[in-house]
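Let's take a friendly look at the charged side chains of this protein and at the partners they find. Have the sequence and the 3D view at hand as you read.

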Amino acid sequence: MLIVFTTFASEDAAARVVRTLVEERLAACGNLLPGARSIYRWEGRMADEREVVVLLKTRKQDWAALQSRLHELHPYETPECLAVRVAAGAPKYMAWLEQALEPEGA
């Protein structure tokens with residue numbers, strides 16, 4: 001399993017994209033964490049913005065498809081899209097993640 005990090009300018013935009021990714025079974029779930037403050041350099045200038053951090057849970061084998069779809073749906077020109085491996089997880093939760101990512105009727 002992977003946890004994928006991304007950010008959005010608004011909670012509404014984040015919710016729309018996360019809902020689509022979950023409906024398409026590219027993510028088992030997404031957590032929206034509003035209130036982040038991001039300070040970064042963009043196009044030669046410093047930016048200081050409020051953002052919504054999103055944590056998506058997916059399988060390693062779904063990474064390429066999730067990354068591609070996130071880039072299609074995301075309003076940013078260059079969205080953050082970072083994945084980290086899950087080293088361990090509660091067995092019942094990990095089983096739920098697998099089940100949530102299976103195609104309907106599988």
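What follows is a short tour of salt bridges in a predicted model.

The count of salt bridges comes to 7. Three of them are set out here, with the separation of the closest N and O atoms.

| Salt bridge | N to O |
|---|---|
| Arg-37 and Asp-48 | 2.5 Å |
| Glu-98 and Arg-59 | 3.4 Å |
| Glu-102 and Arg-59 | 2.8 Å |

**Between two strands**

Start with Arg-37 and Asp-48, whose side chains meet in a salt bridge. Arg-37 belongs to strand E2 (residues 29–42) and Asp-48 to strand E3 (residues 45–58), so this pair ties together parts that are 11 residues apart in sequence. Arg-37 is exposed, at 51% relative accessible area, because the cut-off for exposed is over 50%. Asp-48 is partly exposed, with a relative accessibility of 41%.

**Around Arg-59**

Now turn to Arg-59, which forms salt bridges with Glu-98 and with Glu-102. Is Arg-59 buried or exposed? Arg-59 has a relative accessible area of 9%, so it counts as buried, the cut-off being under 20%. Its partner Glu-98 is partly exposed at 34%, and Glu-102 is partly exposed at 32%.

Both pairs link distant parts of the chain. Arg-59 sits in the loop between E3 and helix H2 (63–73), while Glu-98 lies in helix H3 (residues 91–101), 39 residues apart from Arg-59. Glu-102 is found in the segment after H3, and 43 residues separate Glu-102 from Arg-59. Salt bridges with shared partners join Arg-59, Asp-62, Glu-98 and Glu-102 into one network.

Terms used: Residues are numbered from 1 along each chain as its sequence is written. This is a predicted model: local features need pLDDT of at least 70, side-chain atom pairs count only at pLDDT 80 or more; totals for chains, interfaces and linings use all residues. Side-chain values use heavy atoms; hydrogens and water are left out. A salt bridge is a side-chain nitrogen of Lys or Arg within 4 Å of a carboxyl oxygen of Asp or Glu. Helices (H or I, at least four residues) and strands (E, at least two) are DSSP runs, numbered from the N terminus. Buried means under 20% relative accessible area, exposed over 50%, partly exposed in between (1.4 Å probe, protein chains only).
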